[in-house]
Amino acid sequence: MLKYVVTGGRQLHGDVAIGGAKNAAVAIIPAALMASEPCVIENVPRINDVTVMLEIIRELGAKVRLIGKNTIEIDPRGVKNVSPSYELVRKTRAGYYILGVQLGMYGSSIVSMPGGCDIGVRAIDQHIKGFNALGAEVKVESGFIHAASAAGKLHPAHIYLDQPSVGATVNIILAAVLAEGQTIIENVAKEPHIVDLANFLNTMGANIRGAGTDVIKIQGVKRLGGCTYSIIPDQIEAGTFISAVTATGGEITLRGVIPKHLECITAKFQEMGVEFFDDPNDPDAIVCRAEHRPMRTNIKTLPYPGFPTDMQAVTTAALCTASGASMVSETIFENRFRYVEELKRMGAQIQVEGKVAVVEGVDRLTGAPVRACDLRAGAALMVAALGADGVTEIEGVNFIERGYEDFPGKLGGLGANIKVLTVPDVETAEVG
Ligand code: EPZ
């Protein structure tokens with residue numbers, strides 16, 4: 001088991017390269033199975049959720065070759081309609097994208113119920129609504145989702161999602177992309193990773209229009225070819241570094257970003273007093289300067305282009321030492337404040353009532369032993385530790401490594417003092 005030992009109180013300065021978007025990669029990798037030739041995918045983040053997804057597609061018969069530090073080749077020509085292993089799919093949320101891929105390719109699929117961060121119910125009724133509309137019967141039995149079309153293939157449909165679910169939008173696109181005729185999906189998610197998936201599939205020869213808007217129209221095609229594609233940069237990784245420099249003070253330059261994707265984040269941090277500048281020599285960079293104690297603000301998480309729910313925990317961590325009280329409303333997930341109890345160990349003054357947290361800014365946090373309970377919670381503890389006085393030991397870093405490539409190394413490159421220790425797995429005995 002690993003833990004991070006963070007000595008806080010040091011400003012961050014310098015350049016950091018932002019990697020490929022996790023939530024785009026875990027959708028694009030399974031989508032590559034639908035091609036009839038190999039695909040080369042660049043800017044793939046080396047994170048555990050991607051590793052698990054690559055293991056899943058290998059189990060289905062795909063050949064995966066690492067041809068560069070962040071470049072992979074996926075050869076789908078040996079792929080069969082088999083079920084990925086139960087335990088592997090449970091390790092991640094995105095494993096259920098195999099349902100959309102196999103329904104699209106074969107008209108049937110059996111995949112175990114997904115895992116993913118414990119941040120709420122994480123229902124899949126919108127996925128099932130879309131699959132039903134496309135002609136597949138879906139039932140859940142013995143921990144597996146069984147989906148199949150009696151006709152052996154899906155037909156087009158006009159689907160109106162009850163809410164703009166990212167996962168359901170991805171899964172329905174995957175299921176519909178080869179269905180003969182026009183499928184229309186309304187009230188879809190508009191996140192940049194949805195657009196990235198559509199662009200990837202269109203590069204393979206699909207006909208998907210409207211990604212990034214409220215309505216996506218898909219004209220089914222007979223086959224998808226291979227392609228070379230580069231994944232968009234991760235807006236949440238970039239936002240996490242913005243939170244970090246807000247908590248510590250300093251000036252950092254984020255390299256390899258798409259500034260447009262960050263506007264929903266930078267606008268909020270400008271309210272907190274962080275300044276942002278372009279780099280005249282690099283259009284793919286943004287400079288963040290945090291010279292003063294952050295100012296209080298209010299946050300309400302919403303589907304893109306609203307403030308991202310994945311930024312909620314790390315922003316709250318930065319607000320712990322803001323001047324004044326801030327209100328944080330989490331409208332997407334039911335249980336995304338579990339990290340607050342750990343921040344309180346560091347002296348944070350936060351009251352949570354249901355899906356709202358009130359953060360009373362304190363002058364400084366103090367380092368303490370804390371434990372991550374999910375991916376973005378872990379990142380929030382890191383943000384708090386970087387700005388805190390003293391030493392913080394963070395356990396549960398396996399969560400952090402699901403979504404951040406070389407997080408301690410990148411922060412170290414900005415001047416942070418982080419040691420990565422291997423400690424024996426200690427079973428915490430149930431007491432009391
Ligand atoms: C994706 O999760 C991301 N994960 C999450 O990122 C992200 O927080 C979330 O989208 C919102 O942006 C991946 O892309 C792998 P949803 P997903 O379907 O697809 C409810 C991270 O930290 N809902 O948009 O599961 C659901 O319960 C992770 O990187 C239904 O009710 O999110 C939730 O309350 C965490 N029925 C809300 O909608 C459904 O059929 C949003 O879920 C589907 C969803």
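How far does a polar side-chain atom of Asn23 lie from an oxygen atom of the ligand? The legends below refer to a predicted model, and the first view gives the distance.

**View 1. Polar side chains beside the ligand.** In this predicted model, a polar side-chain atom of Asn23 and an oxygen atom of the ligand are 3.2 Å apart. The side chain of Lys22 places an N or O atom 2.9 Å from an oxygen atom of the ligand. With Asp125, the ligand takes part through a nitrogen atom, which is 2.7 Å from an N or O atom of the side chain. On its own the ligand has 830 Å² of accessible area, and the protein covers 92% of it.

**View 2. The pocket and the elements around the ligand.** The largest pocket is where the ligand sits. Two or more residues of the surrounding shell come from each of helix 1 (22-31), helix 5 (125-133), helix 6 (166-176) and helix 12 (375-387). Domain 1 (2-19 + 233-431) and domain 2 (22-230) each supply at least three residues to this shell.

**View 3. Composition of the shell.** There are 24 residues around the ligand, and those that come nearest are Gln126, Gln163, Ser165, Asp310 and Ile332. By residue class, the shell consists of 10 nonpolar, 7 polar and 7 charged residues.

**View 4. The cis peptide bond at Pro305.** Tyr304 and Pro305 are joined by a cis peptide bond, with omega about 10°. Pro305 belongs to the loop between strand 17 (298-300) and helix 10 (312-319).

**View 5. The backbone at Asn187.** Although Asn187 is not a glycine, its phi is positive, at about 60°. Asn187 is located in the loop between strand 10 (182-186) and helix 7 (192-203).

Note on methods
Residues are numbered from 1 along each chain as its sequence is written. This is a predicted model: local features need pLDDT of at least 70, side-chain atom pairs count only at pLDDT 80 or more; totals for chains, interfaces and linings use all residues. Side-chain values use heavy atoms; hydrogens and water are left out. A residue is near a molecule or strand if one of its heavy atoms lies within 4 Å of it. A polar contact is a pair of N or O atoms within 3.5 Å; within protein, one must be able to donate a hydrogen and the other to accept it, and residues adjacent in sequence count only if both atoms are side-chain atoms. Accessible areas come from the Shrake-Rupley method with a 1.4 Å probe; for residues, only the protein chains shown count as cover. On a 1 Å grid over the protein atoms alone, a cavity is a set of points where a 1.4 Å probe fits but cannot get out, and a pocket is an open set with protein on both sides within 12 Å along at least five of seven lines; lining residues have an atom within 4 Å of a point. A molecule sits in a cavity or pocket if more than half of its atoms lie within 2 Å of its grid points. Helices (H or I, at least four residues) and strands (E, at least two) are DSSP runs, numbered from the N terminus. Ala, Val, Leu, Ile, Met, Phe, Trp, Tyr, Cys and Pro count as nonpolar, Asp, Glu, Lys and Arg as charged, and the others, Gly among them, as polar. Domain bounds come from an automatic or database domain assignment.
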